[in-house]
Amino acid sequence: MSIFKASSEAQVTRAITEEFLNSFKEYITCDVIIVGGGPSGLMAARELAKNNVKVLVVEANNYLGGGFWIGGYLMNKLTVRSPAEKFLDELQIPYKEYEEGLFVADGPHACSKLIAAACDAGAKILNMTKVDDVVLKNKKVSGVVINWTPVSALPKSITCVDPVALESKLVIDATGHDACVAASLEKRGIIKLQGFGAMDVMTSEDGVVLKTGEVYPGLIVTGMAVSTVYGIPRMGPTFGGMLLSGRKAAETALHILVGDAIKV
Ligand code: 48F
């Protein structure tokens with residue numbers, strides 16, 4: 001007598017392939033595609049999904065969370081500066097006030113809560129998938145070009161696998177320092193990336209939040225991608241700016257989506 005209900009190997013395979021493909025097909029077109037599942041991307045995903053926006057997070061790695069698991073220097077504590085502890089309260093992440101206005105939390109605890117919050121709100125995740133390029137129509141970013149992450153690790157001499165594309169009303173670049181999506185516009189001479197500056201925590205968090213927004217029609221930048229686009233200093237392992245930037249990116253997207261709906 002087995003503890004578990006009987007099921008064949010074939011049914012397990014059918015369950016995975018059918019459910020994956022159904023969900024993939026449903027998100028071939030969506031409202032917002034967020035590229036990168038670090039703290040800014042996850043925060044934006046949660047805020048948008050909470051507002052009933054159909055949102056897909058495309059993440060190159062198997063795991064979500066980007067730099068949020070580890071604070072800095074391979075030490076898994078992360079910091080936020082006031083008033084960003086309100087996000088820790090909201091996400092029910094335990095923390096300690098290290099000194100007035102400077103808070104410390106456990107990276108793994110904080111990161112898993114943020115991932116769960118984005119998923120619970122209804123954001124869909126496509127991991128092990130790398131965004132290679134954008135779909136550009138009538139001078140507007142209208143989607144992304146994707147491939148399985150392992151494909152980019154294969155030498156061209158072995159195989160050449162054409163990517164596929166997903167369409168969306170908006171794309172959010174949350175790819176961190178690389179600003180991969182914005183970089184795909186730069187390589188065509190459409191925008192110019194400034195490259196992020198040397199570390200200066202006091203100016204960088206404000207700068208990133210301030211500049212979070214639409215950098216080109218259809219493309220919003222958030223998180224450290226903002227510093228790369230606008231030449232803002234890097235900030236190191238303090239994350240309030242990432243969470244606030246993610247929320248601002250979502251608000252910007254909502255504003256544009258509502259405006260578009262009114263125009264229709
Ligand atoms: O780097 P990351 O955590 O970006 P973020 O949200 O936060 C930055 C902080 O972690 C930290 C900091 C400030 O506190 O300085 O660095 O701006 O997460 C970026 C995510 O994007 C994924 C990558 O794997 C990571 O999970 N990513 C990067 N390029 C691609 C991508 C791509 N081309 N396609 C899909 N995902």
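**Close-up views of a predicted model**

**Figure 1. Thr252 and its contacts from elsewhere in the sequence.** Setting aside neighbours within four places in sequence, Thr252 is in contact with Gly213, Glu214 and Ile220. The model shown here, as in every view below, is predicted. Thr252 sits in helix α9. A polar atom of the Thr252 side chain lies 2.7 Å from the backbone oxygen of Lys248. Helix α9 itself covers residues 240-263.

**Figure 2. The largest nonpolar core.** This core holds 72 residues. Val32, Ile34, Leu48 and Leu219 touch the most other members. Helix α9 gives the largest share of the core, with seven residues. The helix that carries Thr252 is thus also seen in this view.

**Figure 3. Val32 within the core.** Val32 is one of the four core residues named as touching the most other members. Neighbours within four places in sequence are left aside in this view. Beyond them, Val32 is in contact with Leu48, another residue of that group of four. Val53, Lys54, Val55 and Leu56 are also in contact with Val32. So are Ser168, Leu170 and Ile172. Ala253 and Leu257 complete the list of its contacts. Both of these numbers fall in the range of helix α9, residues 240-263.

**Figure 4. The ligand and its surroundings.** The ligand is surrounded by 27 residues. The closest are Ser40, Glu59, Gly67, Val131 and Met224. Backbone atoms also come up to the oxygen atoms of the ligand. A polar backbone atom of Thr238 is 3.0 Å from a ligand oxygen. For Gly236, a backbone N or O atom lies 3.2 Å from an oxygen atom of the ligand. For Pro39, the corresponding distance is 3.4 Å, again from a backbone N or O atom to a ligand oxygen. On its own, the ligand has 730 Å² of accessible area, and the protein covers 88% of that area.

**Figure 5. The cis peptide bond at Pro83.** Which residues does the cis peptide bond join? Ser82 and Pro83 are the pair, and omega is about 15°. Pro83 is in a loop. Strand β3 (77-81) lies on one side of that loop, and helix α3 (85-90) on the other.

**Figure 6. Tyr73, with a positive phi.** Tyr73 is not a glycine, yet its phi is positive, at about 55°. Its place is the loop between β2 (55-58) and β3. Is Tyr73 buried or exposed? Tyr73 counts as exposed because its relative accessibility is 76%, and the cut-off for exposed is over 50%.

**Figure 7. Lys139, with a positive phi.** Lys139 is not a glycine either, and its phi is positive, about 55°. The residue is in the loop between β7 (129-137) and β8 (140-148). Its relative accessible area is 67%, so Lys139 is exposed.

**Figure 8. The whole chain, for orientation.** The chain has nine helices and eleven strands. Its C-alpha trace spans about 60 × 55 × 45 Å along the principal axes. Why does the radius of gyration of 19 Å agree with a compact globule? A compact globule of 264 residues would have a value near 18 Å, so the 19 Å of the chain agrees. Buried residues make up 45% of the chain. Among contacts with a separation of 6 or more, 68% come from residues 24 or more positions apart. The exposed area of the chain is about 13,900 Å², and carbon and sulfur atoms supply 58% of it.

Notes
Residues numbered from 1 in each chain as written. Predicted model: local features only at pLDDT ≥ 70, side-chain atom pairs only at ≥ 80, totals over all residues. Heavy atoms only, no water. Core = buried A, V, L, I, M, F, W, Y, C linked by side-chain atoms within 4.5 Å. Buried < 20%, exposed > 50% of the residue type's maximum accessible area, 1.4 Å probe, protein only. Helix = DSSP H or I, 4+ residues; strand = E, 2+ residues; numbered from the N terminus. Contact = heavy atoms within 4.5 Å. Near = heavy atom within 4 Å. Polar contact = N/O pair within 3.5 Å; in protein donor to acceptor, adjacent residues only side chain to side chain. Areas by Shrake-Rupley, 256 points an atom, 1.4 Å probe, with all protein chains shown as cover. Rg over C-alpha atoms; globule rule 2.2 N^0.38 Å.
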